[in-house]
Amino acid sequence: MKRRGFLKFTGLSASAIIIAPSLITENLYASDGGLYKAYEKVQLKDKEGNPLTIKSLKKEENYLFHFPMKSTPCILVDLGERTQKDVTLKADDGTKYIFKGGVGENDSIVAFSAICPHQLTHPTPETSLFQYVSNAGKTLSHDKGGVFVCSSHLSAFNPKEGGKRVSGPATEGLTQIVLEVDKDNTIWAVGVLGPSKFHDYFDAFKDEFKKYYEGRRRAKKLVKHEAKVVSLDSFSKDIIQY
Ligand code: FES
């Protein structure tokens, strides 16, 4: 368990955004089912503005970026081991969707929306109660590490099974961010798979959007062309994990 500094966290919130057609021409690592939404292809870049590559990722590090909207946080992790393939998950309304597996040489790189499907806890510049806990890590949310954890109410999600909920009060899995790796090993975000909480998120955090994005309208803008990736540690002042 980990706590850095004093905690203060936020509450809940929308918008079923107009979906820009994906510019992707290569294979998507996702089912093209009803819960898949393609967005304009966005290249992930490091804080210096260099393209992020699969080889530059530290194993089991939490990397934060925003996609598909400027204020919707996501966490990217190289799990260091293969994910499962073709995992069928189910949304609360019964809709099924399929996790096709991670990307990279070992199918070990995944990304998920960092908005908890339970009550929308998410990383902010002040604090984060939501993160990936390494295999060697401990958490009260689950009997072992290697899971994404939301410490607000102790939900845990298995990234190797497409963000499936494995414990806690959340009833759905994490929203998957569909990634693509180009021939030069660069990483791109191309879509969102699974039930998303964006609509509720944009309704719930008006004050936060005002503080960080000059209002909700700007917060809802789609990310274009590239997204900056930073370590979660450098994004949030306080990292809380139980
Ligand atoms: S908000 Fe994440 S477990 Fe409740």
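**Close-up views of a predicted model**

**View A. Y201, F202, F205, F209 and Y213 come together in one aromatic cluster.** The model shown here is predicted: local features need pLDDT of at least 70 and side-chain atom pairs count only at pLDDT 80 or more, while totals for chains, interfaces and linings use all residues. Residues are numbered from 1 along each chain as its sequence is written, and side-chain values use heavy atoms, leaving out hydrogens and water. Within the cluster, look for Y201 and F209, an edge-to-face aromatic pair with 5.3 Å from centre to centre and 70° between the planes. (Rings of Phe, Tyr and Trp, the last by its six-membered ring, pair if their centres lie within 6.5 Å; planes under 30 degrees apart are stacked, over 60 edge-to-face, the rest tilted.) Y201 and F209 are both buried (under 20% relative accessible area with a 1.4 Å probe and protein chains only; over 50% is exposed, in between partly exposed).

**View B. Helix α2 has a buried face and an exposed one.** Helices (H or I, at least four residues) and strands (E, at least two) are DSSP runs, numbered from the N terminus. The helix α2 covers residues 206-213, and E208, F209 and Y213 are its buried members. Seen down the axis of α2, these buried residues fall within an arc of 100°, so they line one face of the helix; the arc is taken from the directions from the helix axis to the C-beta atoms. On the face turned away from the buried side sit the exposed residues D207, K210 and K211. What do the buried residues of α2 pack against? Their partners are β3, α1 and α3, the last of these being residues 216-219.

**View C. Just past α2, E214 takes a positive phi.** This residue belongs to the loop between α2 and α3. Its phi is about 60°, although E214 is not a glycine. Is E214 buried or exposed? With a relative accessible area of 61%, E214 is exposed.

**View D. The largest nonpolar core brings 34 residues together.** A nonpolar core is a set of buried Ala, Val, Leu, Ile, Met, Phe, Trp, Tyr and Cys residues joined through side-chain atoms within 4.5 Å. The residues with the most contacts inside this core are L44, F65, F67, L76, I177 and L179. Among the elements that each supply at least two of its residues are the strands β2 (36-45), β3 (63-66), β4 (73-78) and β13 (176-181), along with the helices α1 (198-204) and α2. A second, separate core has 31 residues, including V77, F112, V190 and I239. Back in the largest core, take L76 as a landmark. Leaving aside neighbours within four places in sequence, L76 is in contact (heavy atoms within 4.5 Å) with residues including L44, L52, L57, Y63, F65, I109, V110, A111 and L179. E61 and N62 are also on the contact list of L76.

**View E. F112 and F148 meet edge-to-face.** Theirs is one of nine aromatic pairs in the structure. The ring centres of F112 and F148 are 5.3 Å apart and the planes stand at 75°, so the pair is edge-to-face. F112 lies in strand β7 and F148 in strand β10 (residues 147-150), so the pair ties together parts that are 36 residues apart in sequence. Both rings belong to buried residues, F112 and F148.

**View F. Strand β11 carries S155 and F157.** This strand runs over residues 155-158. S155 is buried, with a relative accessible area of 2%, and F157 counts as buried at 0% relative accessibility. Not counting residues up to four places away in sequence, S155 touches S141, F148, V149, C150, S167, G168, P169 and A170. With the same sequence neighbours left out, F157 touches residues including C116, P117, V147, F148, V166, A170 and L174. The C-alpha atoms of F157 and A170 are separated by 9.2 Å, and the two residues are 13 apart along the chain.

**View G. Two more loops hold backbone features worth a look: P68 and D107.** The peptide bond from F67 to P68 is cis, with omega near -5°. P68 sits in the loop between β3 and β4. D107 is found in the loop between β6 (96-99) and β7. Phi of D107 is positive, near 50°, in a residue other than glycine. How accessible is D107, buried or exposed? D107 is buried, with a relative accessible area of 16%.
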